[in-house]
Amino acid sequence: MSNLAGVKVMVIDDSNTIRRSAEIFLGQAGCEVILAEDGFDALAKIADHHPAVIFVDVMMPRLDGYQTCSLIKKNPRFKATPVVMLSSKDGLFDRARGRMVGSDEYLTKPFTKDSLLAAVRVHAGIV
């Protein structure tokens, strides 16, 4: 699991439980974890930390996951940063909407440690 050592991963979710779970899973694998409670909080932190992979919850107050992903992808500095949508909804429409705003993958909550780490490996280029 140490092959993820030092990989910067951001988790944007308004649920403290989800953020904490992701932080534990990623931290155990050696990732450097940056947490954000919503899209506004995240946008400032992305510029400061330049994460290698970003996980973003779809349903959040103020700025939802689709809006957040779209803003990240429209910024030339972060356009290439992989964004993985997190959602409890697993419908075709939700996945398509994620693709339309530029997301690279769609993980259904509750995610497992393995699915989270697999997504980091794939998108950070460590396969």
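# A guided tour from strand β1 outward

Begin by selecting M10, which, neighbours within four places in sequence aside, is in contact with I34, A42, K45, I46, P51, V53, I54 and F55. The model on display is a predicted one. M10 belongs to strand β1, and its relative accessibility of 0% makes it a buried residue. Add A52 to the selection: 42 residues separate it from M10 in sequence, yet the two C-alpha atoms are 8.0 Å apart in space.

**The surrounding domain**

Next, select residues 8-124. The unreviewed UniProt entry gives this stretch the feature "domain: Response regulatory". Helix makes up 46% of the chain over these residues and strand 21%. The C-alpha atoms at the two ends of the stretch are 9 Å apart.

**Helix α2**

Two of the contacts of M10, A42 and I46, lead to the next stop. Select helix α2, residues 39-49, and colour its buried residues, which are G39, A42 and I46. Why do these residues lie on the same side of α2? They cover an arc of only 50° around the axis, and this places them on one and the same side of the helix. To see what covers the buried residues of α2, show β1 (8-12), β2 (32-36), β3 (53-57) and α3 (65-74), which are among the covering elements.

Now inspect both ends of the helix. At the N-terminal end, D38 acts as a cap, with a side-chain oxygen 3.0 Å from the backbone nitrogen of F40. Just after α2 comes H50, where phi is positive, at about 50°. H50 sits in the loop between α2 and β3 and is partly exposed, with a relative accessible area of 41%.

**A second positive phi**

Most residues other than glycine have a negative phi. With that in mind, select R62, a residue other than glycine whose phi is positive, near 65°. R62 is located in the loop between β3 and α3. Is R62 buried or exposed? Its relative accessibility is 60%, so R62 counts as exposed.

**The annotated aspartate**

Move to D57, in strand β3. The unreviewed UniProt entry annotates D57 as "modified residue: 4-aspartylphosphate". In this model D57 is buried, its relative accessible area being 4%. Which residues should be displayed around D57 as its contacts? Leaving out neighbours within four places in sequence, they are I12, D13, D14, D64, G65, L86 and K109.

**The cis peptide bond**

K109, one of the contacts of D57, points to the next selection. K109 and P110 are joined by a cis peptide bond, with omega at about 0°. P110 is in the loop between β5 and α5.

**The aromatic pair**

Stay in that loop and select F111 together with F25. A search of the whole structure finds 1 aromatic pair, and F25 and F111 form it in an edge-to-face arrangement, 6.4 Å from centre to centre with 75° between the planes. The pair connects distant parts of the chain: F25 is in helix α1 (residues 16-28), whereas F111 is in the loop between β5 (105-108) and α5 (113-123), 86 residues apart. F25 is partly exposed, at a relative accessible area of 22%, while F111 counts as buried at 10% relative accessibility.

**A buried loop threonine**

Select T81, in the loop between α3 and β4 (83-87). T81 has 10% relative accessibility and therefore counts as buried. Apart from neighbours within four places in sequence, its contacts are P51, A52, I54, K73 and D104. P51 and I54 will be recognised from the contacts of M10.

**The cysteines**

For the last stop, select C31 and C69. How many disulfides does a search of the whole structure find? The search finds 0. For C31, the nearest cysteine sulfur is that of C69, 20 Å away, and C31 is in no disulfide. C69 likewise is in no disulfide. C31 is buried, with a relative accessible area of 9%, and C69 is buried as well, with 0%.

Definitions and conventions: Residues numbered from 1 in each chain as written. Predicted model: local features only at pLDDT ≥ 70, side-chain atom pairs only at ≥ 80, totals over all residues. Heavy atoms only, no water. UniProt positions renumbered as here; feature names shortened; annotations may be inferred. Helix = DSSP H or I, 4+ residues; strand = E, 2+ residues; numbered from the N terminus. Buried < 20%, exposed > 50% of the residue type's maximum accessible area, 1.4 Å probe, protein only. Arc of directions from axis to C-beta. Contact = heavy atoms within 4.5 Å. Polar contact = N/O pair within 3.5 Å; in protein donor to acceptor, adjacent residues only side chain to side chain. Phe/Tyr/Trp six-rings, centres within 6.5 Å; stacked < 30°, edge-to-face > 60°. Disulfide = S-S within 2.5 Å.
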